[in-house]
Amino acid sequence: MSVRVGAARVRALLLSLVTFFVVAGTATGCSGGDARPRVVVTTNILGDITREIVGDEADVSVLMKPNADPHSFGLSAVQAAELENADLVVHNGLGLEENVLRHVEAARASGVATFAAGEAADPLTFHAGEEGGPDDEAGEPDPHFWTDPDRVRKAAGLIADQVVEHVDGVNEQAVRDNAAHYDGQLADLTTWMEKSFATIPEGRRALVTNHHVFGYLADRFGFRVIGAVVPSGTTLASPSSSDLRSLTRAMEKAEVRTVFADSSQPTRLAEVLRQEMGGDVDVVPLYSESLTEKGEGADTYLHMMRANTSAMTEGLTRD
């Protein structure tokens, strides 16, 4: 009898302990407790920029995995919950994260502070009727602002402001110091890109890409966008045979034989264009919309831009 009573007491004690930890964990998760402040970022490019600014002042969670496509990546239920439990959500906006926008909107509706970096970086629009412009997206904002490092400098400063304003518990001076240091690195990047691109003859400053992604870079550094294999600002579109014929004619007219293809996407479309033009086309991979895993060539925004600049300069000066 005493053994049964002892076992019952043990079970009751264990049940009490389990209940205590569950309740305590729930209370901590709901009220914040001693948990560190958290910033959630949608894309990995913005995630890297935000981490440089936040430093050790808060946890930064990035939803988009390396080598993913920002136009098509989606969220798990756990990631969607992260958005609604964040102190601040940083996203690109301008229609880039097509499968994530509704979750960002839900977080905003629940009271979470959100910041659309692209919308605050003087966005350009796609132009129809001009060389290289996607006709069906005329007047629509171009979301790929990060290809211009000067616009990234502006966005980075605004992200610092958002962190200071909305993330409780951070050291404002530390955030400002981080932002100032990163701003200097971005300024150095712009200067280096200008010097690199200056070696490309004016007649060769023409870009053909997998889809329309380098409009900001072209605008900032004086390139002409001849066209794209996918005549759209999103990778979710597909080219028609007439699109390929039009692009082929434009390339032949401009004497362009180099296509820059996104390294995170298959180069099949660029290879089709190579076949259309008789095989005399160079296909050069670039890191355009996603960072890579660590050590794979573009694991930070600064590494990505330097790698792209080197590849573009080499591709457009090659005899």
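User: Which are the buried residues of H5?

Analyst: This is a predicted model, by the way. H5 covers residues 149–166, so 18 residues are in play, with buried meaning under 20% relative accessible area. The buried ones are Pro-149, Arg-151, Val-152, Ala-155, Ala-156, Ile-159, Ala-160, Gln-162 and Val-163.

User: And what covers the buried residues of H5?

Analyst: Strands E3 (88–91) and E4 (113–116) are part of the cover. Helices join in too, and they include H2 (44–54), H6 (172–197), H7 (215–221) and H10 (301–317).

User: How are H5 and H6 oriented to each other, roughly parallel or roughly antiparallel?

Analyst: Their axes sit 9 Å apart and the packing angle is about 175°. Angles over 145 degrees count as roughly antiparallel. The two helices are therefore roughly antiparallel.

User: By class, how many residues in the contact of H5 with H6 are nonpolar, polar and charged?

Analyst: On the H5 side, Val-152, Ala-156 and Val-163 are among the residues that meet H6, whose own contributors include Leu-186, Leu-189 and Met-193. Charged residues take part as well, including Asp-150 and Arg-153 from H5 and Glu-172 and Arg-176 from H6. The split is 13 nonpolar, 1 polar and 6 charged.

User: At the start of H5, which backbone nitrogen does a side-chain oxygen of Asp-148 reach?

Analyst: The oxygen comes to within 2.9 Å of its partner. That partner is the backbone nitrogen of Asp-150.

User: Does His-91 count as buried or exposed?

Analyst: His-91 is in strand E3. Among the residues it touches are Leu-46, Val-104, Arg-108 and Phe-115. Its relative accessibility is 3%, so His-91 counts as buried.

Conventions: Residues numbered from 1 in each chain as written. Predicted model: local features only at pLDDT ≥ 70, side-chain atom pairs only at ≥ 80, totals over all residues. Heavy atoms only, no water. Helix = DSSP H or I, 4+ residues; strand = E, 2+ residues; numbered from the N terminus. Expected span 1.5 Å × (residues − 1). Buried < 20%, exposed > 50% of the residue type's maximum accessible area, 1.4 Å probe, protein only. Contact = heavy atoms within 4.5 Å. Polar contact = N/O pair within 3.5 Å; in protein donor to acceptor, adjacent residues only side chain to side chain. Axes fitted to C-alpha atoms, helices over the stretch in contact; angles between N-to-C directions. Parallel < 35°, antiparallel > 145°, perpendicular 65-115°, else oblique. Lists of a residue's contacts leave out its neighbours within four places in sequence.
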